[in-house]
Amino acid sequence: MDEPRVFIWSGGQPRDPGSSPDAVDHLLALPPPAPLRRSDHIAYRWGDSTFDIHAAACSVRTTAWGTGHMTWLHCKATTAGAIAADATARLMTVLIPAHYVTRIEPGLRFRTARYVRSGDVGVFPPNRPVPADGLPLAEIERIMAELLSPELN
(Lines give C-alpha, C1' and ligand atoms only; values in the text may rest on other atoms or scores of the structure.)
Protein backbone atom coordinates (compact mmCIF):
# COMPACT_ATOMS: atom_id res chain seq x y z
CA MET A 1 0.00 0.00 0.00
CA ASP A 2 1.24 3.50 -0.82
CA GLU A 3 2.05 5.97 1.93
CA PRO A 4 -0.97 8.09 2.94
CA ARG A 5 -1.05 11.60 1.52
CA VAL A 6 -2.77 14.91 2.20
CA PHE A 7 -4.51 16.41 -0.82
CA ILE A 8 -5.19 20.16 -0.59
CA TRP A 9 -8.26 21.15 -2.61
CA SER A 10 -7.55 23.98 -5.01
CA GLY A 11 -10.83 24.09 -6.92
CA GLY A 12 -8.94 23.19 -10.09
CA GLN A 13 -6.74 26.27 -9.81
CA PRO A 14 -2.98 26.30 -9.38
CA ARG A 15 -2.07 26.22 -5.70
CA ASP A 16 -1.47 29.64 -4.20
CA PRO A 17 1.74 29.13 -2.16
CA GLY A 18 0.40 31.26 0.68
CA SER A 19 -3.01 29.58 0.87
CA SER A 20 -2.07 26.63 3.07
CA PRO A 21 0.83 25.71 5.32
CA ASP A 22 3.52 23.37 4.04
CA ALA A 23 3.47 21.21 7.18
CA VAL A 24 0.20 19.25 7.03
CA ASP A 25 1.38 15.67 7.70
CA HIS A 26 -0.04 15.85 11.25
CA LEU A 27 -3.50 15.63 9.65
CA LEU A 28 -2.74 12.02 8.71
CA ALA A 29 -2.43 11.09 12.41
CA LEU A 30 -6.02 12.01 13.32
CA PRO A 31 -8.13 9.16 14.69
CA PRO A 32 -10.86 8.05 12.30
CA PRO A 33 -14.12 10.02 12.37
CA ALA A 34 -16.95 8.53 14.46
CA PRO A 35 -18.86 5.90 12.46
CA LEU A 36 -22.58 6.45 11.92
CA ARG A 37 -25.39 4.01 11.17
CA ARG A 38 -27.29 6.73 9.34
CA SER A 39 -25.43 9.23 7.21
CA ASP A 40 -25.04 12.92 7.95
CA HIS A 41 -26.29 15.01 5.03
CA ILE A 42 -23.96 18.01 4.95
CA ALA A 43 -23.86 21.12 2.77
CA TYR A 44 -20.95 23.55 2.75
CA ARG A 45 -19.47 26.30 0.63
CA TRP A 46 -15.86 26.83 -0.35
CA GLY A 47 -15.81 30.20 -2.08
CA ASP A 48 -18.23 30.07 -5.01
CA SER A 49 -18.43 26.26 -4.94
CA THR A 50 -21.27 24.53 -3.08
CA PHE A 51 -20.89 20.92 -1.94
CA ASP A 52 -23.56 18.41 -0.92
CA ILE A 53 -22.25 15.23 0.73
CA HIS A 54 -23.33 12.24 2.78
CA ALA A 55 -20.94 11.16 5.53
CA ALA A 56 -20.86 7.62 6.92
CA ALA A 57 -18.55 8.82 9.70
CA CYS A 58 -18.12 12.31 11.09
CA SER A 59 -16.44 14.15 13.99
CA VAL A 60 -15.56 17.72 14.93
CA ARG A 61 -11.77 18.13 15.26
CA THR A 62 -9.42 21.01 16.04
CA THR A 63 -5.87 20.84 14.70
CA ALA A 64 -2.90 23.05 14.14
CA TRP A 65 -3.09 24.99 10.86
CA GLY A 66 -0.22 27.28 9.96
CA THR A 67 0.56 29.40 13.00
CA GLY A 68 -2.90 28.92 14.53
CA HIS A 69 -5.64 26.34 14.89
CA MET A 70 -8.57 25.27 12.74
CA THR A 71 -11.78 23.48 13.69
CA TRP A 72 -12.90 21.00 11.05
CA LEU A 73 -15.69 18.65 10.22
CA HIS A 74 -13.72 15.41 9.77
CA CYS A 75 -15.77 13.10 7.55
CA LYS A 76 -15.63 9.88 5.61
CA ALA A 77 -18.02 10.89 2.85
CA THR A 78 -19.10 10.90 -0.77
CA THR A 79 -20.91 13.49 -2.86
CA ALA A 80 -24.70 13.22 -2.79
CA GLY A 81 -24.70 12.84 -6.58
CA ALA A 82 -22.51 9.71 -6.38
CA ILE A 83 -25.12 7.76 -4.40
CA ALA A 84 -27.48 5.35 -6.15
CA ALA A 85 -29.90 2.89 -4.55
CA ASP A 86 -28.39 -0.55 -3.94
CA ALA A 87 -25.03 0.56 -5.31
CA THR A 88 -21.62 0.86 -3.73
CA ALA A 89 -20.33 4.36 -3.01
CA ARG A 90 -16.64 5.08 -2.52
CA LEU A 91 -15.89 7.24 0.49
CA MET A 92 -13.03 9.68 0.99
CA THR A 93 -11.78 11.13 4.24
CA VAL A 94 -12.08 14.92 4.14
CA LEU A 95 -11.48 17.88 6.44
CA ILE A 96 -13.90 20.76 5.93
CA PRO A 97 -13.45 24.03 7.86
CA ALA A 98 -16.39 24.01 10.27
CA HIS A 99 -17.24 27.64 9.50
CA TYR A 100 -17.93 26.69 5.83
CA VAL A 101 -20.77 24.31 6.83
CA THR A 102 -24.23 25.67 6.01
CA ARG A 103 -26.39 22.62 6.84
CA ILE A 104 -26.21 19.28 8.68
CA GLU A 105 -29.18 16.95 8.97
CA PRO A 106 -29.96 13.23 9.16
CA GLY A 107 -29.27 11.62 5.82
CA LEU A 108 -29.68 8.25 4.20
CA ARG A 109 -29.55 4.87 5.88
CA PHE A 110 -26.73 2.71 4.55
CA ARG A 111 -24.87 -0.48 5.20
CA THR A 112 -21.18 -1.12 4.95
CA ALA A 113 -20.56 -3.70 2.24
CA ARG A 114 -16.80 -3.70 2.56
CA TYR A 115 -14.23 -1.58 4.27
CA VAL A 116 -11.15 -0.44 2.37
CA ARG A 117 -8.63 1.40 4.52
CA SER A 118 -7.13 4.52 3.00
CA GLY A 119 -4.99 6.91 4.94
CA ASP A 120 -5.34 9.70 2.36
CA VAL A 121 -7.02 12.91 3.54
CA GLY A 122 -8.60 15.59 1.35
CA VAL A 123 -8.42 19.08 2.85
CA PHE A 124 -10.51 22.10 1.94
CA PRO A 125 -8.14 24.85 3.08
CA PRO A 126 -9.64 27.75 5.06
CA ASN A 127 -8.68 30.30 2.42
CA ARG A 128 -12.10 31.42 1.18
CA PRO A 129 -14.62 33.85 2.71
CA VAL A 130 -16.94 32.49 5.38
CA PRO A 131 -20.45 32.03 3.94
CA ALA A 132 -23.04 34.42 5.37
CA ASP A 133 -25.30 31.47 6.24
CA GLY A 134 -22.56 29.36 7.84
CA LEU A 135 -23.60 27.50 10.99
CA PRO A 136 -22.01 28.61 14.27
CA LEU A 137 -19.66 26.01 15.78
CA ALA A 138 -21.95 25.54 18.82
CA GLU A 139 -24.83 24.68 16.47
CA ILE A 140 -22.66 22.21 14.52
CA GLU A 141 -21.63 20.52 17.77
CA ARG A 142 -25.27 20.37 18.97
CA ILE A 143 -26.46 18.82 15.70
CA MET A 144 -23.57 16.35 15.67
CA ALA A 145 -24.41 15.26 19.23
CA GLU A 146 -28.02 14.61 18.15
CA LEU A 147 -26.95 12.70 15.04
CA LEU A 148 -24.64 10.51 17.14
CA SER A 149 -27.43 9.75 19.62
CA PRO A 150 -28.32 6.09 20.29
CA GLU A 151 -31.75 6.59 18.72
CA LEU A 152 -30.14 7.08 15.30
CA ASN A 153 -27.09 4.87 15.83
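How many bridges join E4 to strand E5, and do the two run parallel or antiparallel? I will start there and then move to the aromatic rings. Please keep in mind that this is a predicted model.

Strand E5 covers residues 92-97, and six bridges join E4 to it, with the two strands running antiparallel. On E4's other pairing, twelve bridges join E3 to E4, and these two also run antiparallel. E4 itself spans residues 68-79, and nine of its twelve residues are buried, so the strand is largely enclosed by the rest of the structure.

Leucine 73 is a useful residue to find on the screen. In E5, its bridge partner is isoleucine 96. Valine 60 also stands opposite leucine 73. If you follow the hairpin of E3 and E4, there are two residues between the strands, and glycine 66 takes a positive phi near 60°.

Now the rings. A search of the whole structure finds seven aromatic pairs. I will show two of them.

In one pair, the rings of tryptophan 9 and tryptophan 46 have centres 6.4 Å apart; their planes are at 75°, over the 60 degrees required, so this counts as edge-to-face. The pair links distant parts of the chain, with the two positions 37 residues apart in numbering. Tryptophan 9 is in the loop between strand E1 (6-8) and strand E2 (35-46), while tryptophan 46 is in strand E2. Are these two buried or partly exposed? Tryptophan 9 has 36% relative accessibility and therefore counts as partly exposed. Tryptophan 46 has 3%, so it counts as buried.

The other pair is phenylalanine 51 with phenylalanine 124. Their ring centres lie 5.1 Å apart with planes at 70°, so this pair too is edge-to-face. It again links distant parts of the chain, the two residues being 73 apart. Phenylalanine 51 belongs to strand E3, residues 49-65. Phenylalanine 124 is in the loop between strand E7 (121-123) and helix H1 (137-147). Phenylalanine 51 counts as buried because its relative accessibility is 15%, and phenylalanine 124 counts as buried at 8%.

Which residues do the ring pairs link into a cluster? They are Trp9, Tyr44, Trp46, Phe51 and Phe124, so both pairs I have just shown belong to it.

One last contact involves tryptophan 46. The charged end of arginine 128 sits over its ring, 4.0 Å from the centre. So tryptophan 46, buried at 3% relative accessibility, has arginine 128 over its ring and tryptophan 9 edge-to-face with it.

Methods. Residues are numbered from 1 along each chain as its sequence is written. This is a predicted model: local features need pLDDT of at least 70, side-chain atom pairs count only at pLDDT 80 or more; totals for chains, interfaces and linings use all residues. Side-chain values use heavy atoms; hydrogens and water are left out. Rings of Phe, Tyr and Trp (its six-membered ring) pair if their centres lie within 6.5 Å; planes under 30 degrees apart count as stacked, over 60 as edge-to-face and the rest as tilted. Helices (H or I, at least four residues) and strands (E, at least two) are DSSP runs, numbered from the N terminus. Buried means under 20% relative accessible area, exposed over 50%, partly exposed in between (1.4 Å probe, protein chains only). A charge sits over a ring if NZ of Lys or CZ of Arg is within 6 Å of the ring centre and within 35 degrees of the ring normal. Two strands pair if DSSP finds at least two bridges between them.
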